[in-house]
Amino acid sequence: MEEKQVFYYKFGYVNFWGFLNLLLLVMLAHCLIRWPCLIFWWQTQVLLGLFILSSAAWIYKHLCKQVMAVITPESIKIDHCNPLKWKDIRFAEERIVHCMGMRRKVIVLVPVDNLDYKYNFLQKHNGEFTPFSIPLYGIISKEDEDKIRTIVAKKVPLKIL
């Protein structure tokens with residue numbers, strides 16, 4: 001009997017967001033060491049608050065596991081969406097979509113017609129990504145990518161590029 005499998009996003013620690021946080025920290029530290037009275041300016045307090053919130057979000061993203069997919073024998077749950085039953089999927093296919101100016105490979109799960117499913121906001125308004133897209137690019141490990149492709153191919157017909 002198959003069991004539940006959970007796949008997680010894998011983010012690199014050195015990225016543009018981390019660089020911007022570091023740059024903001026250096027800028028704030030330099031200003032406050034050179035002119036300590038700037039801590040009372042509202043502009044400095046806003047930048048300090050921005051740094052704290054941005055750093056907290058970066059730490060949450062990188063230190064807490066972010067679930068990409070939960071696959072059970074009966075269904076697949078992508079991100080924070082409702083589970084989609086395997087019997088409600090007509091077929092799956094690999095597609096190339098454009099995201100932030102880059103070409104990305106995804107597996108698109110095509111549901112049966114007239115599916116009664118409660119879509120969330122992101123599923124309704126997600127551009128080229130369909131409501132049921134599984135990312136196959138640099139935010140998951142290569143091993144997870146291969147496992148997901150194998151599981152999907154076992155459950156529904158998969159059209160590969």
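**Pockets, rings and cysteines in a predicted model**

By class, the residues that line the second largest pocket comprise 5 nonpolar, 2 polar and 2 charged ones. The structure in which this pocket is found is a predicted model, and each value given below is computed from it. The lining of the second largest pocket is made up of Lys10, Phe11, Gly12, Cys99, Met100, Arg104, Tyr137, Gly138 and Ile139, and the space inside this pocket comes to about 200 Å³. Because Lys and Arg count as charged and Gly counts as polar, the charged members of this lining are Lys10 and Arg104, while its polar members are Gly12 and Gly138. Phe11, one of the lining residues, also takes part in another arrangement, since the charged end of Lys61 sits over the ring of Phe11 at 4.4 Å from its centre. A second lysine is placed in a comparable way elsewhere in the model, with Lys159 lying over the face of Phe91, 4.2 Å from the centre of the ring.

From here the reader can turn to the largest pocket, which holds about 530 Å³ of space. Its lining consists of 21 residues, and those that lie nearest the centre of the pocket are Tyr9, Ile78, Asp79, Leu122 and Asn126. Sorted by class, this lining contains 12 nonpolar residues, 7 polar residues and 2 charged residues. Among the elements that contribute to the lining are helix H3 (121–124) and strand E7 (133–135), each of which supplies at least two residues.

Asp79, one of the residues nearest the centre of the largest pocket, deserves a separate look at its backbone. Most residues other than glycine have a negative phi. Asp79, however, has a positive phi of about 55° although it is not a glycine, and it is placed in the loop between strand E3 (75–78) and strand E4 (84–85). With a relative accessible area of 26%, Asp79 is partly exposed. Asn114 likewise combines a positive phi of about 55° with not being a glycine, and it too is a loop residue, found between E6 and H3. Asn114 is exposed, however, because its relative accessible area of 80% is over the 50% required for that description.

The loop between E6 and H3 also leads to the aromatic residues of the model. How many aromatic pairs are there? The count comes to 4 aromatic pairs. Among them is the pair of Tyr117 and Tyr119, which is edge-to-face, with 5.0 Å from centre to centre and 65° between the planes. Tyr117 is buried at a relative accessible area of 12%, whereas Tyr119, at 28%, counts as partly exposed. Tyr119 pairs with Phe132 as well, and here the ring centres are 5.8 Å apart and the planes stand at 45°, so this pair is tilted. The pair of Tyr119 and Phe132 links distant parts of the chain, 13 residues apart, with Tyr119 in the loop between strand E6 (102–111) and H3 and Phe132 in the loop between H3 and E7. Phe132 is buried, with a relative accessible area of 3%. Taken together, Tyr117, Tyr119 and Phe132 form one aromatic cluster.

Strand E6 itself contains Leu109, which is buried with a relative accessible area of 1%. A sense of scale comes from the C-alpha atoms of Leu109 and Asn21, which are separated by 37 Å and belong to residues 88 apart along the chain.

The cysteines remain to be considered. A disulfide is a covalent bond between the sulfur atoms of two cysteines. In this model the count comes to 0 disulfides. For Cys31, the nearest cysteine sulfur is that of Cys37, which is 11 Å away, so Cys31 does not meet the requirement that the two sulfur atoms lie within 2.5 Å. Cys31 is partly exposed, with a relative accessible area of 27%. Cys64 is in no disulfide either, as its nearest cysteine sulfur, that of Cys81, lies 20 Å away. Cys64 is partly exposed too, at a relative accessible area of 36%.

Technical notes:
Residues are numbered from 1 along each chain as its sequence is written. This is a predicted model: local features need pLDDT of at least 70, side-chain atom pairs count only at pLDDT 80 or more; totals for chains, interfaces and linings use all residues. Side-chain values use heavy atoms; hydrogens and water are left out. Buried means under 20% relative accessible area, exposed over 50%, partly exposed in between (1.4 Å probe, protein chains only). On a 1 Å grid over the protein atoms alone, a cavity is a set of points where a 1.4 Å probe fits but cannot get out, and a pocket is an open set with protein on both sides within 12 Å along at least five of seven lines; lining residues have an atom within 4 Å of a point. Grid points are joined across faces, edges and corners, and a volume is the space filled by probe spheres set on the points. Helices (H or I, at least four residues) and strands (E, at least two) are DSSP runs, numbered from the N terminus. Rings of Phe, Tyr and Trp (its six-membered ring) pair if their centres lie within 6.5 Å; planes under 30 degrees apart count as stacked, over 60 as edge-to-face and the rest as tilted. A charge sits over a ring if NZ of Lys or CZ of Arg is within 6 Å of the ring centre and within 35 degrees of the ring normal.
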